[in-house]
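Here are some worked exercises to go through with the model open beside you. Try each task before you read its solution.

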Protein chains: 2
Amino acid sequence: MSSQPIYWPHTLVTWATSLFEARGTDLEKAASIASILVEGDLLGHDTHGLALLGPYLRKIDEGILKPTGTYDVVSDRPAAMLWDGGGLPGPWLTAEAVTQSGNRAKELGTATITIRRSGHIACLAAYLEAPAREGLIIEIFSSDPSVASVAPFGGTRAAFTPNPVAIAIPTSGDPILIDISTSITTNGMSARLQSQGKRFPGNWLLDASGRPTDDPAVFDADPPGTIQLLGGRDAGHKGYGLTLLVEAMTGGLAAYGRAENPTDWGATVMVRATDPEAFGGLTGFNHELDWLANACRGNPAIDASSPVRLPGERGLALKRDALEHGLVLNPAVQTDIAQLASETSIALPQSI
Amino acid sequence: MSSQPIYWPHTLVTWATSLFEARGTDLEKAASIASILVEGDLLGHDTHGLALLGPYLRKIDEGILKPTGTYDVVSDRPAAMLWDGGGLPGPWLTAEAVTQSGNRAKELGTATITIRRSGHIACLAAYLEAPAREGLIIEIFSSDPSVASVAPFGGTRAAFTPNPVAIAIPTSGDPILIDISTSITTNGMSARLQSQGKRFPGNWLLDASGRPTDDPAVFDADPPGTIQLLGGRDAGHKGYGLTLLVEAMTGGLAAYGRAENPTDWGATVMVRATDPEAFGGLTGFNHELDWLANACRGNPAIDASSPVRLPGERGLALKRDALEHGLVLNPAVQTDIAQLASETSIALPQSI
């Protein structure tokens, strides 16, 4: 690791911002995308951090990701909005929706914003920490109507994406940051193992006739296999229900989704904010959540070498360490960004 | 089956209402509890229908379930309320919260009501059909802070309930009705198998040292075992995240939960309503959901004898049949209600 460059995270944000600006991206959008991507790396989600910088820049070059302009407000009620993202960058749109739903929740108690035709939204966990530290509960659901890799329970033909769900829950200390999918695993993990010729640790997939398998090569078969729902064979009807909820709150509320058969890489996104002050108060909320957090952290572990953690605990520890000592990128990402820097003649920041 | 009585469902509702009224329950509350219990049986959830009539009547006799009075509004913002249920019947409180959150959602787009100190709320699926047919999305979360049978991921000591989640999603035809828990199985199913000396079809439990097992006898051990989270060993961190979300939206928003260590059988409940008209419109919503429903129903099945269904499809078919031809109760429930009728001298309705 000593040969790998170490960066102050804010210098990577500034650098990535410059690359987007050089492609004609508005400064505010460029900075928003760059900070969400670096936040993904800080939290240890290195498949969804600066690894996406190259793909995002290419989508701008191809005219699919729009570097300027704003979203259309399709519908506006006090506690509900629908935006048409028009292919603008997903990190900027999603961060905007977190801020605006949070502001409305502080007034009304709760608010929900759904965004159709957003660009890809990167790492969902990257949006959570700041609003949770402000005392808000945030839920983000996302689906990509141009992709399908998950079948309905009992079926064999892909009809859904893994449909990520991210949730921020305040406590009086570090917030709980949840970032999961409604299937057992994700498209990203499947692609990574497939490219490495590796298998999953369990039969997390189904082949095209519905037989459980650990082999991601089933995605190359014709017809292809699918990713099992959360709950698998025993309780996959529960993952199925959650998958349908995410589809309803994204494509359903957006009135734009799989029925339109879109082909551009993108996302339909729901952001929902809830303010505990509008219910029993943040102090009482924190009292309950602190009690639960302690009941988890103090829980006797199955394996004494793996103490029980709270969701987000590891990511926040990685981030704290990187802010103090600098960030070392995944080697593949380091190679990618060095290549991008050489192509664009915008030099990488100094290693510390 | 021919020897079992067959009832018109509405006659069972009238009969059960009379039993609650005879215990001093306000008519409106009595009728609300009775119709929710019978709705559970109609949908095939026979552990959470009239099976609960005897237990509910006993809780009234014991002074734990309150037959009269109303809830306190602890907090009231446009799109958020907290009620203190004061031990009133959960079916009445929950049905009220569905109606009131729905009315606010029709105006504001979304609204959320959390209820602390509710009585037990019976079958969560029983609240869903009517609002979904009105075009609303309803989510109901529930936890019981007096009970724990599920450990955090990687832990061995029970800290949570199975935390049910019910979701109603409109389509232009029958609604999608989801009723799941954030653990692999429920307390009710564990108790049923344990009393019958049976085992689960898979290793859905953990013993007190965290070893997977199919034997519900682990709940009698000291220390007791736990129910595995949705996702089990492979993906239980996802069920863990969902469990924490339910705890946050119930006990957290209520500022009343496990930290207070309550001992009375009851529930903390969240009801959230979302109106598609406030986003992309119900017509567009139905267009998307109909497309998804068809993609599911038309999906090639793993087992040709088990076609892919939508959540709630079987329950609604059972209900339709019972409304047309009459309802035959689970034999154990039939025995229970015959006993209750003889004790109270309020005769059971005529069999048809």
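Two residues are in contact if their C-beta atoms, placed from the backbone, lie within 7 Å. This is a predicted model, where local features need pLDDT of at least 70, side-chain atom pairs count only at pLDDT 80 or more, and totals for chains, interfaces and linings use all residues. Residues are numbered from 1 along each chain as its sequence is written, and chains are lettered from A and ligands numbered from 1 in the order in which they are written.

**Exercise 1. Find the contacts of A:A16, leaving aside its neighbours within four places in sequence.**

Step 1: Go through the residues that remain, and you should end up with A:A34, A:L37, A:V38, A:L50 and A:L53.

Step 2: Now zoom out to the largest nonpolar core, which has 220 residues. A nonpolar core is a set of buried Ala, Val, Leu, Ile, Met, Phe, Trp, Tyr and Cys residues joined through C-beta atoms within 7 Å. Buried means that 20 or more other C-beta atoms lie within 10 Å of the residue's own; exposed means 12 or fewer, and partly exposed is in between.

Step 3: A:A16 is among the residues with the most contacts inside that core, as are A:L37, A:I138 and their namesakes B:A16, B:L37 and B:I138.

**Exercise 2. Work out how β4 of chain A sits among its partners.**

Step 1: Strands (E, at least two residues) and helices (H or I, at least four) are DSSP runs, numbered from the N terminus. β4(A) covers residues 137-143, and seven of its seven residues are buried.

Step 2: Sort the side chains. A:I137, A:E139, A:F141 and A:S143 point one way, while A:I138, A:I140 and A:S142 point the other. In a regular strand the side chains alternate between the two faces of the sheet.

Step 3: Look for partners; two strands pair if DSSP finds at least two bridges between them. With β10 (residues 267-274) of chain A, β4(A) pairs antiparallel over seven bridges, and A:E139 stands opposite A:R272 there. With β5(A), the pairing is also antiparallel, over four bridges, and A:I138 has A:A168 as its bridge partner.

**Exercise 3. Is A:I180 buried or exposed, and what does it touch?**

Step 1: Place it first: A:I180 is in strand β6 of chain A.

Step 2: Count its surroundings. A:I180 has 25 other C-beta atoms within 10 Å, so it is buried.

Step 3: Skip residues up to four places away in sequence, and A:I180 touches A:V165 plus two residues of chain B, B:K238 and B:G241.

**Exercise 4. Describe the contact between chain A and chain B.**

Step 1: Each side is given by its residues: 73 from chain A and 73 from chain B. On the chain A side, α7(A) gives the largest share, 14 residues.

Step 2: Split the chain A side by class, and you get 43 nonpolar, 23 polar and seven charged residues. Here Ala, Val, Leu, Ile, Met, Phe, Trp, Tyr, Cys and Pro count as nonpolar, Asp, Glu, Lys and Arg as charged, and the others, Gly among them, as polar.

Step 3: Lay chain A on chain B: a turn of 180° and a shift of 0.0 Å along the axis give an RMSD of 0.0 Å. The two copies are therefore related as by a two-fold rotation axis. Copies are superposed by least squares on the C-alpha atoms of residues with pLDDT of at least 70 in both.

Step 4: In chain A, the C-alpha nearest the axis belongs to A:G231, 2.3 Å from it.
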